[in-house]
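Student: Could we go through this model together, one question at a time? I would like each answer to finish on the value or name I asked for.

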Amino acid sequence: MDTNTTIGTPVDFAINAVDPGPVPHWINGGPVLSSDGTSHAVLNPVTGGPGATVSLGTVVDVDVAVRSAAGAAWQWRKMASAERASLIGSLARLIRENLELLVTLERAETGKPRAVAEAEVRGAAEYFEFYAGLSHLPQGEVINVVPDQHVYTLREPFGVIGVITPWNIPINQAARAVAPAITAGNVVVVKPAESTSQTTVALARLATEAGLPRGVFNVVLGRGDVVGDAIVHHPDVRKVAFTGSVAVGQEIGRVAADRILPLTLELGGKSANIVFADADREFAATEAVRAFTTNAGQVCSSGTRLLVERSIHDEFVDRVVDIASGIRPGVDMGPMITKGQFDQVQDYFGVARQEGATVALGGTMAREPHLEGGFYINPTVYTGVRNSMRIAQEEIFGPVLVVIPFDGEQEAVEIANDSEFGLVGGVWTQNMARAIRVSEALEAGQIYVNTWSTASVQTSFGGQKRSGYGREKGIEALNHYTQLKSVTIALR
Ligand code: NAD
């Protein structure tokens, strides 16, 4: 790295510090404050009061981070894959060893129940474990079809990858992109959401402790329209992996069109969960509730449109409402992670009223005295919903379910596919021929039959339609973090 570069002040930063000052960026293997010294206070979603103070990065910070990454790119790319695997495996081990700290940091910013935060941190470790085991991939092919020519292909890393993540599952989403990206020989500059920065910085710190060379894993904190925008525009960033809203995905897409910049876009969803009359109804009802209340509904793959065969509609809805009414905000379900999200969900309660939907459960913020000030929403179920209503078409991103009756398989598929999104679909039936037909007909990147959202890190994940393109997870993600090169050698 160019040592003359202006860089923010290096600071001490331990992930277990009681008062670490502003959470710093992680650039070139160490913690630094912003080049202009600015930071902001994040709101604590549990109390509504002040939370951590976090550095706000600048265009200069992004430039320093990208140049640091670019400086490390060749060394990382040329490292023997077994050595890279060993370092990535060490990072996974450090995540597990620091589980308590990471869970504490994740909960401090998101207010999630302990079990939820713990599953996310374990999941982050799993990404690095899984990809460390695949470090001998990706490989090319030999394609010798022309006489007197030896032709082979190589899967090469892009170089610097910009990773931009949302606030709902912070450490897990950072790991989901970073693990395959660095395994494929890329270096990264990660920008987490403004409100949930700490575990991503902690992850980068652990990467340095694990022995990853300086510059391989950088984190720049701050605003999307400053830091995120600077990453997407930086000429040395060769690919961007974005997880977030459709609107920001579109903005990034416009920049990418000008730059011919490859993207992976993991965007929103309004996923249909279809329950036929012959389903195991008790299990289906339990899973239907889990599908929209996990992480308080702040999951892109939430099952938020429940389509129920008309003959069992009333009975099934009663059971769903019964189970969902036992989910306690503040105990089983965390708050909305940002104030903006808290306000948005309540705005949709107003939309539901205007559209004439019937409240079967909730439709309110949680008002218990011990939750006062926090951004808590009660589990909410609407019936009397038509699929054309805004509450059935737009992603609310809270614990809000709309229920729509259907008659027969064809109508179920038509309603499910009548959506701009295409992330996940659920099918509940004992008729396997129907399960296969419906799975094929649904326009979504992931289908779950008689279960909901239980896919592992080994299974590819991504959207169709406005839910995005490209794939994370699985072996597939490695291919998305490489570019093909063919080499043709004349044998003379
Ligand atoms: P968001 O789009 O507002 O922000 C996502 C990230 O983009 C943040 O880090 C933000 O700072 C950054 N950003 C904002 N403007 C930018 C710009 N102009 N240039 C570059 N970066 C910019 O999303 P959010 O509110 O943080 O997260 C919620 C959304 O994320 C939901 O729509 C949800 O469905 C989606 N999501 C999708 C997946 C998936 O895998 N498909 C997973 C989780 C969340």
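The turns below cover conventions, salt bridges, buried polar side chains, nonpolar cores, the ligand and backbone angles.

Student: What conventions apply here?
Tutor: Happy to start there: this is a predicted model, in which local features need pLDDT of at least 70, side-chain atom pairs count only at pLDDT 80 or more, and totals for chains, interfaces and linings use all residues. Side-chain values use heavy atoms, with hydrogens and water left out, and residues are numbered from 1 along each chain as its sequence is written.

Student: How many salt bridges does the structure hold?
Tutor: A salt bridge here is a side-chain nitrogen of Lys or Arg within 4 Å of a carboxyl oxygen of Asp or Glu. One of them joins Arg223 to Asp225, with the closest N and O atoms 2.6 Å apart. The total for the structure is 24.

Student: Is Lys112, the salt-bridge partner of Glu120, buried or exposed?
Tutor: Let's use the cut-offs: buried means under 20% relative accessible area, exposed over 50%, and partly exposed in between (1.4 Å probe, protein chains only). Glu120 and Lys112 pair with their closest N and O atoms 2.8 Å apart. Glu120 has a relative accessible area of 7%, so it is buried. Lys112 has 2%, so the answer for Lys112 is buried.

Student: What is the relative accessible area of Glu194, which bridges to Lys191?
Tutor: The N to O distance between the side chains of Lys191 and Glu194 is 3.7 Å. Lys191 is buried, at 2%. Glu194 is partly exposed, with a relative accessible area of 29%.

Student: Which residues are joined into one network by salt bridges that share partners?
Tutor: Here we look for bridges with a partner in common. The network formed that way consists of Glu100, Arg114, Glu118 and Arg122.

Student: Which residue has its backbone oxygen 2.8 Å from a polar atom of the side chain of Asn186?
Tutor: Asn186 sits in the loop between helix H5 (170–183) and strand E7 (187–191); helices (H or I, at least four residues) and strands (E, at least two) are DSSP runs, numbered from the N terminus. With a relative accessible area of 0%, Asn186 is buried. A polar atom of its side chain lies 2.6 Å from the backbone nitrogen of Phe158. The backbone oxygen at 2.8 Å belongs to Tyr481.

Student: Which backbone oxygen does the side chain of Gln341 reach at 2.9 Å?
Tutor: Gln341 is placed in helix H11 (residues 339–355). At 6% relative accessibility, Gln341 is buried. Its contacts (heavy atoms within 4.5 Å), leaving out residues up to four places away in sequence, include Trp167, Gln298 and Phe397. The backbone oxygen reached at 2.9 Å is that of Phe397.

Student: Which helix gives the largest share of the largest nonpolar core?
Tutor: A nonpolar core is a set of buried Ala, Val, Leu, Ile, Met, Phe, Trp, Tyr and Cys residues joined through side-chain atoms within 4.5 Å. The largest has 87 residues, and Trp76, Ile95, Phe128, Ile182, Val188 and Phe217 touch the most other members. Its largest share, nine residues, comes from residues 114–132, helix H4.

Student: How many residues are in the other core, the one with Val308 and Ala352?
Tutor: This core lies apart from the largest one, and Ile415 and Ala416 are also among its members. Its size is 55 residues.

Student: How much of the accessible area of the ligand does the protein cover?
Tutor: Among the 29 residues around the ligand (a heavy atom within 4 Å), Thr165, Gln173, Ser245, Leu267 and Glu395 come nearest. Ligand oxygen atoms are 2.6 Å from a side-chain N or O atom of Glu395 and 2.9 Å from one of Arg176. By the Shrake-Rupley method with a 1.4 Å probe, the ligand on its own has 850 Å² of accessible area, and the protein covers 89%.

Student: What is the phi of Phe397?
Tutor: Phe397 lies in the loop between helix H12 (390–393) and strand E15 (400–406). With a relative accessible area of 14%, Phe397 is buried. Its phi is positive in a residue other than glycine, near 65°.

How values were computed
Polar contact = N/O pair within 3.5 Å; in protein donor to acceptor, adjacent residues only side chain to side chain.
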